[in-house]
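Biologist: Could you walk me through this one? I have a few quick questions.

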Amino acid sequence: MSQDLQPEQQRQTFWETMYAVDRRWLYLILIIIVSILVINPITVPNVEDPAAEALYDYLSGLNEGDFVYIESDWTNSTRGESRGQFEALIRLLMRKKVRFCISTLGDPQIPDIIRPIIEGIAQEAGSNNYKEGTDYAIAGYFPNLEAHVSGLVNNIRETVREKRVAGRSIVDTPVFEGITDLSDAKCVVVITGSSTINLWYERIRAKTKLGLMCTAVMSGENIPYYVSGQLVGIAIGAKGAFDFESLLEKEWPADQNPGYKNFTSGRRYMSPLFFALMLLILAVVMGNVAMYQLKRTGRHN
Amino acid sequence: MLAQSVFTPEWWQELFSPDGRWLENSLLRITIGAILTLGLYSLLYRENKFYRFTEHVFVGLATGFSVVALVKEVLWPQWWVPMLGVPEREATPDVSAVPAVEAAWLWGALLPVACLAFFVFSKKHGWLSRIPLGIIVGLWAGQQLNAFQNRFLPQVADQARPIIPLGETSPAMAVNNLIVVITWIVVLSYFVYSFEQKSKFLQRTSLMGRWLLMVGFGAIFGTTMMTRFVLFIDRAYYLLIQWLRLGEQL
Amino acid sequence: MELLQIDLTLPRTDANLWLVIGLAGLAMFVSAVILFGISRVPSNFRRPLVGMFVFIAGLIWILDWALPKATVQRASGETDSIIPIPIWPYEYDLVMEKVVQGSQVLSGVLLALGVLSILRVHVKRLTKGQKDWPFSVVLLGSMAAMIVIGLGEWIANNREAAGIPGNHEDMKTAFSVVFIDMLQILDAAMFSLIAFFILSAAYRAFRIRSVEATIMMGVALVVLLGFIPLAMALTAGLPTEGLASNFRIENLKSWILLTVSTPALRAIDLGLGLGLLAMALRIMLGLEKGVAVD
Amino acid sequence: MGERDYEIISLGLQYQKWGWLLSLTTVAVVAYILWGIFMARRKAGSVTIRRIAGLDQIDEAVGRATETARPVLMVPGLSAALDGIAVQALTIFASIIRSAARFATPIRLLNYNGAVFAVAQEIAKDVYQTEGVPDRYDVDSVRFVSDKQFAFAAAVAGTIQRDKVAAAFYMGDFYAESLIMAENANMVGAIQVAATTQFTQTPFFIAACDYVLLGDEFYAASAYLGREPVLLGSLVGADWAKLTFMLFAIIALFVHSFQAIRPLTQEQIQHFEEMGTPVLEGQQYPTPDEYFFRWITKVPRG
């Protein structure tokens with residue numbers, strides 16, 4: 001609204017309100033914005049982050065039959081960011097016919113959360129109807145992170161032998177064919193909302209490539225490892241998921257590949273996220289302008 | 001408006017006439033979770049009875065779960081089983097084999113020591129509780145040398161990157177590397193307490209250190225905001241799409 | 001005659017259950033007697049006594065850090081890296097293992113203290129009919145429910161693994177309701193509340209009042225924009241190479257994170273590490289008031 | 001069982017390949033701290049430390065609570081077990097409880113961990129005893145809440161809002177829940193003082209609290225409050241360690257710089273091979289991982 005049209009007294013009160021808005025109004029606006037955009041999202045353009053693109057390019061450059069090890073330890077509490085990353089990663093690997101094995105840490109329930117997701121994606125067009133036990137394996141839940149990681153590095157087969165699918169140990173399935181050491185895996189991808197990645201930095205041998213998909217919070221402490229070359233790439237937060245999805249779209253445009261599903265929560269969450277953050281920036285700017293105005297008119301103490 | 005949404009009778013039918021037994025009715029289960037979620041969100045307006053109810057449910061469940069975890073992840077596998085051991089069992093067609101565990105009966109001696117902690121409630125023998133507590137904190141203290149060496153020395157060594165723009169070091173890299181080390185030193189100098197900062201220079205660096213620290217904090221703030229908003233958006237998706245089905249699912 | 005050759009561990013068969021239980025009971029009794037003796041020490045010896053427990057506990061780990069580790073060739077052939085100092089009846093590493101295991105049990109049992117505290121507060125509220133007593137009922141009720149269902153599911157799983165017939169599914173379903181549909185959802189909901197609080201906190205704190213507040217705000221906003229596609233589109237026009245590329249918002253973000261933020265945070269971290277180390281030393285030497293030393 | 005069933009191939013793994021230098025550094029830091037303590041004990045009062053802002057406000061905050069007859073909230077962090085951080089937090093709280101006991105201000109000390117709760121209980125009891133007002137001590141004012149992060153946060157938020165706390169002190173390990181507590185306390189207009197060892201949470205405390213202790217000001221706090229020679233001494237020792245690390249950083253800077261401009265010699269390449277960090281073929285200059293001090297911390301031992 002334009003202040004010039006308002007009488008002196010009212011203008012002041014307007015700035016005073018802006019200076020100290022009751023937080024509940026902010027909350028209400030946030031809820032409204034997010035609700036609308038979650039129900040019917042609008043598509044926002046994307047500029048891929050180089051770090052995420054590096055990881056995507058490396059993985060999409062793999063040959064059919066290559067093996068990738070995935071360590072996924074996200075739970076419901078970081079679902080918003082991690083799930084999108086996870087789905088995009090699985091899609092890419094399935095379309096490239098890359099074998100993968102997943103082990104989870106942190107929460108015994110995770111295998112129950114991710115299995116339906118993977119099976120769902122396997123049904124999609126372009127996923128080469130992947131089967132558990134032939135194309136991919138879920139090594140299940142490992143309570144002790146430290147033991148698990150060093151176990152994988154030292155003797156991958158022994159570490160996951162316990163887990164059985166259709167009566168036989170997963171290491172006897174085609175998934176682990178020709179995989180005797182972790183260095184036979186083309187890459188280890190860690191999808192996490194916690195600092196489990198740090199152990200990998202310490203333990204993993206130079207030969208094995210390491211990729212990371214993490215929450216935005218963790219970007220600060222992990223980007224250095226990308227720069228120093230310890231990570232082939234790093235997908236950060238919902239943006240990272242969105243990057244992966246748009247890169248999938250670039251490689252397999254939906255209009256040319258009917259039935260291909262490239263976009264999920266990454267793009268879905270991007271528009272509400274964008275406008276929520278805009279609200280935050282707007283609120284901050286408003287607060288400062290109001291403060292300046294009050295200072296100017298000497299009402300600020 | 002989508003079919004199956006909360007505004008259609010189908011939704012309510014599904015909610016109240018479950019296919020199969022009520023525990024398997026996924027909509028009902030989501031509804032339970034959604035109501036609890038709303039209970040916690042009501043705190044945003046003000047503390048109220050609905051929130052208080054949810055809070056107490058939450059704390060009750062959480063504490064209960066800690067007890068369960070204590071039994072099945074600590075006491076049973078780490079104390080009871082090692083103490084009494086397990087006799088070997090061969091595999092049968094439908095049951096996998098159980099390897100034998102030797103009985104280290106000496107674990108029994110641990111129980112009274114742990115129980116000393118409960119003297120904390122006694123006036124006369126309160127000091128006895130300090131023995132188990134002391135052992136725990138002592139073990140923690142002993143680990144710190146190793147922890148310090150493994151965590152911080154690599155960081156310090158990592159700070160030092162070449163600052164001579166020759167070989168593979170580009171001028172830009174050299175400058176950045178110099179900035180890194182200077183930043184590190186200046187910030188660290190802010191955390192020197194016992195030296196009187198009389199000289200203007202020291203005071204300036206210390207102030208500078210505070211400002212650089214704020215850069216670091218600002219960066220954390222920026223990266224964190226994103227994650228937190230996405231979390232809320234995900235919850236909104238859970239409430240509006242998965243529960244009320246107001247939009248198409250992913 | 002087997003009774004005579006009792007070792008610290010003995011092979012367990014279905015037969016010797018009572019022997020094992022007896023021995024465990026004996027161990028409990030003996031240590032209880034010893035502790036009773038300790039509880040009788042005159043008050044001026046208590047402080048050094050507790051201090052001794054603390055110091056020895058710490059020393060175990062310090063030795064583990066300092067004693068020379070070695071690569072060894074087992075008689076069986078495989079190599080292994082251990083501390084080659086046998087402490088009867090085990091090797092040092094095995095002793096360490098037991099110590100860790102023991103300390104986990106010890107700190108686990110202390111949770112019971114907390115549960116006692118909860119019970120005391122809420123049962124009192126209940127019996128005295130204090131304000132909000134119905135909520136205490138809710139809390140105690142949900143706690144009891146979780147314990148029953150959680151342990152029930154655990155037992156059901158074990159019985160299933162042991163091949164004992166019966167209906168194990170109901171318990172599992174019940175557990176998935178209280179755990180996945182209630183506890184985890186509550187967790188995620190509380191976590192997501194932070195989005196609102198971060199909004200109001202930023203609105204209040206990000207004012208151009210002081211240099212520090214301004215710096216923090218500026219950096220936070222730049223880093224934030226570095227994550228937003230549309231914001232990146234603003235500077236997408238700039239070249240990806242050369243001097244101007246530094247002003248692409250994502251490069252600016254990365255530069256701040258790498259060149260200023262990371263070292264600054266590492267410096268504060270080092271300070272914290274030193275403080276922690278000093279604390280640990282004071283605790284071990286019994287110089288720290290408040291804990292373990294009266 | 002007791003007797004050896006193995007051949008020792010190589011001894012002292014953690015000291016091989018310059019590993020002794022790392023251990024020596026750690027020992028040196030320990031020596032600094034012990035020496036500082038020793039000196040400070042010899043001639044007490046010799047040490048002065050710089051002002052730490054937040055701590056001067058403690059009494060003011062408690063006083064404010066007394067006027068309004070609303071409770072003082074204290075949270076000793078979310079340490080997973082009883083560790084030095086929680087102990088330090090409780091040491092600081094002891095002085096807060098002391099002034100609360102004098103003014104007969106109600107307190108709420110909410111714990112996340114059973115062991116920490118036990119110690120907190122003891123300390124609170126002792127303080128009220130030594131202040132000579134044991135009858136003012138309400139056993140239920142020191143509580144265990146929950147050891148699940150967000151259940152704890154929910155309960156603390158509820159307590160803050162219900163009891164309308166006048167002052168809140170957060171000291172110790174805090175994670176994402178920090179802002180939940182701080183904003184709720186801010187809603188009820190409490191004076192807040194925070195100090196956390198998790199520097200990732202410090203910015204949020206800065207945003208929501210009145211006073212924040214940065215980094216290891218948290219550890220300096222008890223020395224600042226108590227002025228005991230032991231604490232001051234270890235603070236001095238830590239300071240000297242910091243200065244030494246600064247010096248070391250500069251030395252390492254030059255060492256690495258000169259290393260980086262000199263192409264790898266054949267001996268060096270062989271040396272790296274032997275040490276288990278092979279050099280990539282066609283590589284002319286050392287990579288960051290081969291810079292001396294960095295390499296020491298990364299070279300595999302055994």
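Modeller: We can take chain D, then one glutamate in chain C.
Modeller: This is a predicted model, where local features need pLDDT of at least 70, side-chain atom pairs count only at pLDDT 80 or more, and totals for chains, interfaces and linings use all residues. Residues are numbered from 1 along each chain as its sequence is written, chains are lettered from A and ligands numbered from 1 in the order in which they are written, and side-chain values use heavy atoms, leaving out hydrogens and water.

Biologist: What is the secondary structure of chain D?
Modeller: Chain D has eleven helices and seven strands, counted as DSSP runs (helices H or I, at least four residues; strands E, at least two) numbered from the N terminus. Chain D is more spread out than a compact globule, because its radius of gyration is 25 Å, well over the 19 Å that the globule rule gives for 302 residues. That radius is taken over C-alpha atoms, and the rule is 2.2 Å times the number of residues to the power 0.38.

Biologist: How many of the 302 residues count as buried?
Modeller: 61% of them, where buried means under 20% relative accessible area, exposed over 50%, and partly exposed in between (1.4 Å probe, protein chains only).

Biologist: Changing topic, where is C:Glu153?
Modeller: C:Glu153 sits in helix 5 of chain C, residues 133-161.

Biologist: Buried or exposed?
Modeller: C:Glu153 is buried, at 11% relative accessible area.

Biologist: And what does C:Glu153 touch?
Modeller: Leaving aside residues up to four places away in sequence, C:Glu153 touches B:Lys72, C:Met171, C:Lys172 and C:Phe175; contact means heavy atoms within 4.5 Å.
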